[in-house]
Amino acid sequence: MMKTPTFLSVQGDSILLAVKVQPRANKTEIGGTLGDELKIKVTAPPVDAAANEALLRLLAEALACPRGAVQLVRGNTSRHKQVAVRGLSPADVAERLLRATVK
């Protein structure tokens with residue numbers, strides 16, 4: 001059994017991800033862990049929630065789940081965000097995110 005990453009926690013029926021977003025990056029990608037957060041780069045600017053939407057779409061794609069299962073919980077205007085994922089086990093979320101991480 002794999003150890004739960006520090007950026008992942010469980011609250012009720014949701015898995016919470018602690019994320020640090022870098023908007024206006026050269027590429028949209030999951031960059032690995034940075035302290036207790038998962039670092040994610042998005043090409044979208046932090047304007048009109050474009051970076052938030054890009055983040056949620058990237059996570060839904062990486063997790064192979066519907067976009068509606070991924071929701072921004074905290075950090076709407078901050079680089080430090082908390083995202084809730086529903087419908088997957090913590091082990092599935094951790095495995096899929098680590099598989100999608102740029103090496």
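A residue counts as exposed when its relative accessible area is over 50%, as buried when that value is under 20%, and as partly exposed in between. Keep those cut-offs at hand as we walk through this predicted model, since several residues along the way are sorted by them.

Arginine 24 is a good place to try them out. The residue sits in the loop between strand E2 and strand E3 (29-34). Its relative accessible area is 56%, so arginine 24 is exposed. The backbone here also deserves a look: phi of arginine 24 is near 55°, a positive value in a residue other than glycine. Aspartate 48 offers another case, with a phi near 50°, again positive in a residue other than glycine. You will find aspartate 48 in the loop between strand E4 (37-41) and helix H1 (50-63). Aspartate 48 has a relative accessibility of 76% and therefore counts as exposed.

Now let us follow the strands. Strand E1 (residues 8-11) runs antiparallel to strand E2 (residues 14-22), and 4 bridges join them. Glutamine 11 faces serine 14 of E2 across this pairing. The two strands make a hairpin with 2 residues between them, and in its turn glycine 12 has a positive phi of about 60°. Just upstream, proline 5 belongs to the segment before E1. Is proline 5 buried or exposed? With a relative accessibility of 14%, proline 5 falls under the cut-off and so counts as buried. The C-alpha atom of proline 5 is 8.8 Å from that of threonine 33, although 28 residues separate the two along the chain.

E3 and E4 come next. They run antiparallel and are joined by 5 bridges, with glutamate 29 having lysine 41 of E4 as its bridge partner. Their hairpin leaves 2 residues between the strands, and glycine 35 takes a positive phi near 65° there. E4 also pairs with E2, this time in the parallel sense, over 4 bridges. In that pairing, lysine 20 has lysine 39 of E4 as its bridge partner.

Further along the chain, strand E5 (residues 70-74) is joined to E6 by 4 bridges, and the two run antiparallel. Here leucine 72 has valine 83 of E6 as its bridge partner. This hairpin has 5 residues between its strands, and glycine 75 in the turn shows a positive phi of about 95°.

Let us turn to the helices. Two packed helices are described by the angle between their axes and the distance between the axes. H1 packs with helix H2 (residues 90-100) at an angle of about 105°, and their axes are 8 Å apart. An angle from 65 to 115 degrees counts as roughly perpendicular, and H1 and H2 therefore belong to that class. From H1, the contact uses Leu59, Ala62 and Leu63, while H2 brings Val93, Arg96, Leu97 and Ala100. Sorted by kind, the residues of this contact are 6 nonpolar, no polar and 1 charged.

Arginine 96, in helix H2, is worth a pause. Its relative accessible area of 23% lies between the two cut-offs, so arginine 96 is partly exposed. Setting aside residues up to four places away in sequence, arginine 96 touches Ala62, Leu63, Ala64 and Leu88.

What lies at the heart of the nonpolar packing? The largest nonpolar core has 29 residues, and those with the most contacts inside it are Leu17, Ile40, Leu59, Val83, Val93 and Leu97. Two or more residues come from each of E2, E4, H1, strand E6 (80-86) and H2. Which element gives the most to this core? H1 does, with 9 residues. Leucine 59 ties several of these pieces together: not counting residues up to four places away in sequence, leucine 59 touches Leu17, Ile40, Val70, Val83 and Leu97.

One more residue of helix H1 rounds off the tour: asparagine 52. Its relative accessible area is 9%, so asparagine 52 is buried. Leaving aside neighbours within four places in sequence, asparagine 52 is in contact with Leu72, Asn76 and Lys81.

Notes
Residues numbered from 1 in each chain as written. Predicted model: local features only at pLDDT ≥ 70, side-chain atom pairs only at ≥ 80, totals over all residues. Heavy atoms only, no water. Pairing = 2+ DSSP bridges. Buried < 20%, exposed > 50% of the residue type's maximum accessible area, 1.4 Å probe, protein only. Axes fitted to C-alpha atoms, helices over the stretch in contact; angles between N-to-C directions. Parallel < 35°, antiparallel > 145°, perpendicular 65-115°, else oblique. Contact = heavy atoms within 4.5 Å. Nonpolar A, V, L, I, M, F, W, Y, C, P; charged D, E, K, R; others polar. Core = buried A, V, L, I, M, F, W, Y, C linked by side-chain atoms within 4.5 Å.
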